[in-house]
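Here are some short exercises to work through with the model open beside you. Try each task before reading its solution.

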Amino acid sequence: MEERCEDRAAPGGAGRFGGHLLGRLLDRAASVQPHLLAWVIAQELAAAGGLHAVLLLQDYEQLLLVPLSHDGCAGMGPQPVVGSPAGQALVEESLVVVPEVNGLRAYLPLMDGGDSLGVLALSVDRLDDGERADLTRFATLVASLLTSRDRSTDWFTRARRRRPMSVAAEIQWSLLPPLTMSVPEVEVAGFLEPAYEVAGDSFDYALNGDTLHAAVIDAMGHGLKAAVMATAAIGAYRHARRAAVGLAEIYAYMDEVIADQFDPEHFATAQMMRLDVPSGRLQWVNAGHPAPLLVRDHDVVRILDGPTTLPVGFGGEKPLVSEVNLQPGDRIVCFTDGVVEEHTSGGIQFGRTQLIDIAARVGRAGNGLAATTRALSHALNAARGGRTSDDATIFLIEWRGPGR
């Protein structure tokens, strides 16, 4: 049970975990080497009364939270995402407190712009409401520091790896935006499988003012050649998107780039989307890709079929743009063919019907989009008998409505 304490914190973030602690961390983190960042965080928390602090980062398969090592990490090992207090904090995106012999063990999600990086764990003698709020702010600062320092070190990336990664997967992961992004009106989340061997699948998105842009692509083949084609396709998508052209023009540019750079038999399927955030109007162009699912109140209410054109690289005609008006709370489930075309151990193709059933079941758990995406990917993998002979990617969009 969670312990209730008297309110001992000073107002306005002036308590032991408040503004002074944030300021000291910012001052020290500005010059410390990346591999010492976890140690500095633990040291500053210990000075304020937060002992045995450990940073736990999500591994690439999002099955475990692995400690970012530093001296004095209290011997804490990897924690499962499912079935541990640390995992609960990650999934629920909220503070979890567990009583221990000399006080409490607190677990705080490390969230940066909606991206769930991991969990901060520490022990305290007590924790009042003001200190809870201050520690939540502290964890947000830690997440921002991890994101910014990750660009200049391999320290955090190596900690998250549980086994060797292929060169193709290395390229794909470096190409991706953050797996999750959240603002009050809209949220996105994606997941790649197999995490350490993915090659041709990728996704991208950008929130530009009132418009959310998103794309999911599947480059043909396996291995390094597929990763190179996926890189070219995403690069072409970003270039055209940043030129502020329409969806049909984005398709044409991607098609031109792939056709110019690869042999005639090489191609990539693609789904390009544009969501008007204030109104909920979703437009999309389908280039030979599996049709997305529209989920409302946890049930798939529509398969977003529409006019399709040839995959990029085949010189298809100018595509027709489809559209639908979303309702607040609607979710769009995009996926690549590896999700549904895998054959189970009995030789039966997994199929879209099973995807629809599992998406509904996972959605009824009522978790946030990032946790739902993670759980959906894991559930699909289990239903396929753990088989992932092709890349299997899912990408979800949730429109929450205007003016939230």
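**Exercise 1: a helix pair**

The crossing of H7 and H8 is right-handed; here a crossing is left-handed if the near helix is turned anticlockwise from the far one by less than a right angle, and right-handed if clockwise. This is a predicted model, where local features need pLDDT of at least 70, side-chain atom pairs count only at pLDDT 80 or more, and totals for chains, interfaces and linings use all residues. Residues are numbered from 1 along each chain as its sequence is written, and side-chain values use heavy atoms, with hydrogens and water left out.

Task: find the angle at which H7 and H8 pack.

Solution. Start by locating H7 at residues 223–242 and H8 at residues 247–261 (helices are DSSP runs of H or I, at least four residues; strands are runs of E, at least two; both are numbered from the N terminus). Next, compare their axes: the angle is about 145 degrees and the axes lie 9 Å apart (lines fitted to C-alpha atoms over the stretch in contact, with angles from 0 to 180 degrees between N-to-C directions).

**Exercise 2: a strand residue**

Task: decide whether Ala268 is buried or exposed.

Solution. First, place Ala268 in strand S11, residues 268–276. Then check its relative accessible area: at 0%, Ala268 is buried (under 20%; exposed is over 50%, partly exposed in between, with a 1.4 Å probe and protein chains only). Finally, look beyond four places in sequence: the contacts of Ala268 (heavy atoms within 4.5 Å) include Asp218, Met229 and Pro311. Ala226, 42 residues away in sequence, is 9.1 Å from Ala268, C-alpha to C-alpha.
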